[in-house]
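Work through the exercises below with the sequence and the 3D view open beside you. Try each task before you read its solution.

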Amino acid sequence: VLKLSLKDELVLKDSLNELDVLKLSLKDELVLKDSLNELDVLRLSLKDELVLKDSLNELDVLRLSLKDELVLKDSLKLLDVLKLSLNELDVLKLSLKDELVLKDSLNELDVLKLSLKEELVLKDSLKLLDVLRLSLSEELVLKDSLNELDVLRLSLKDELVLKDSLKLLDVLRLSLKDELVLKDSLKLLDVLKLSLKE
């Protein structure tokens, strides 16, 4: 009986041990279930977190998209401003080109004015030259006339001298004639004197 009892006790101990093991196993199972539940919760949380992360990522993407859209809008505005600026620049280029063309035209006009002025000066100079030529021609004619006048004066003077000489010659002739007459008279007087003496 005691042996059996001892055996039973051992069996009982084993049973108790097994029961403890079972208790422990049950406890572990419960813990495991709780752990699994927690794991499911964690999985769900992790899934939610991942979903949240995806949502946050999508939100960031949306934010980035919105930011990009705003940047794009700003870029488009800037592009419009640049287009306007380019149009204004084209207008300025055209204005500058027109201004340069106008300056060239004014320069050409100044050159034409100078040329016209020079042409007028040249015409005046040519007129003066013609006048000078006429004056020179007239002066030469006058000189010729004066020379001719001098010749005429000399001729007239010679003629007067000749006339005077002729007059003197006439006077001399008369004087010579008178002298001859006087001589003849004196001779006659001498003859008369002689005759009277006789």
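The exercises that follow concern a predicted model, and each is solved in steps.

**Exercise 1. Overall form**

Task: Work out which secondary structure the protein has, and decide whether it is spread out or compact.

Solution: Begin with the secondary structure, which comes to one helix and zero strands. Next, take the radius of gyration, which is 80 Å, and set it against the 16 Å that the globule rule gives for 198 residues; because the value is well over that figure, the protein is more spread out than a compact globule. Then turn to the box that the C-alpha atoms fill along the principal axes, which is roughly 275 × 35 × 10 Å.

**Exercise 2. Surface and burial**

Task: State what percentage of the residues in the protein is buried, and what share of the exposed area carbon and sulfur atoms supply.

Solution: The first step is to recall that a residue counts as buried when its relative accessible area is under 20%. Buried residues make up 0% of the 198 residues in the protein. The second step concerns the area itself: the protein exposes about 18,700 Å², and 66% of this is supplied by carbon and sulfur atoms.

**Exercise 3. A nonpolar patch**

Task: Find which residues form a nonpolar patch on the surface, and explain how L16 is classed by accessibility.

Solution: The patch is formed by L12, L16, L19 and L22, which together have about 360 Å² of accessible area. To place one of these residues, note that L16 lies in helix α1, which covers residues 2-197. For its class, use the cut-offs: exposed means over 50% relative accessible area, buried means under 20%, and partly exposed lies in between. Because L16 has 41% relative accessibility, L16 counts as partly exposed.

**Exercise 4. Salt bridges along the helix**

Task: Say how many salt bridges there are, then describe the partners in each one and their accessibility.

Solution: The rule asks for a side-chain nitrogen of Lys or Arg within 4 Å of a carboxyl oxygen of Asp or Glu, and by this rule the count comes to three salt bridges.

1. D130 is paired with R133, and their closest N and O atoms are 3.9 Å apart. Because these two residues are three residues apart in helix α1, about one helical turn separates D130 and R133. D130 is partly exposed at 40% relative accessibility, whereas R133 counts as exposed at 53%.

2. K163 and E159 meet through their side chains, with 4.0 Å from N to O. K163 and E159 are four residues apart in helix α1, so about one helical turn lies between them. K163 is partly exposed, with a relative accessible area of 43%, and E159 is partly exposed as well, at 40%.

3. D170 bridges to R173, the closest N and O atoms being 3.8 Å apart. Both D170 and R173 lie in helix α1, three residues apart, which is about one turn of the helix. D170 is partly exposed at 40%, while R173 counts as exposed at 53%.

**Exercise 5. Charges**

Task: Find how far apart the mean positions of the positive and negative charges are.

Solution: Start from the counts, which are 33 positive and 44 negative charges. The mean positions of these two sets of charges are 7 Å apart.

Terms used: Residues are numbered from 1 along each chain as its sequence is written. This is a predicted model: local features need pLDDT of at least 70, side-chain atom pairs count only at pLDDT 80 or more; totals for chains, interfaces and linings use all residues. Side-chain values use heavy atoms; hydrogens and water are left out. Patches are made of residues with over 30% relative accessible area and no salt bridge: like charges are joined within 9 Å, nonpolar side chains (Val, Leu, Ile, Met, Phe, Trp, Tyr) within 5 Å. Accessible areas come from the Shrake-Rupley method with a 1.4 Å probe; for residues, only the protein chains shown count as cover. Buried means under 20% relative accessible area, exposed over 50%, partly exposed in between (1.4 Å probe, protein chains only). The radius of gyration is taken over C-alpha atoms; the globule rule is 2.2 Å times the number of residues to the power 0.38. Lys and Arg count as positive and Asp and Glu as negative; His and the chain ends are not counted. The place of a charge is taken as NZ of Lys, CZ of Arg, CG of Asp or CD of Glu.
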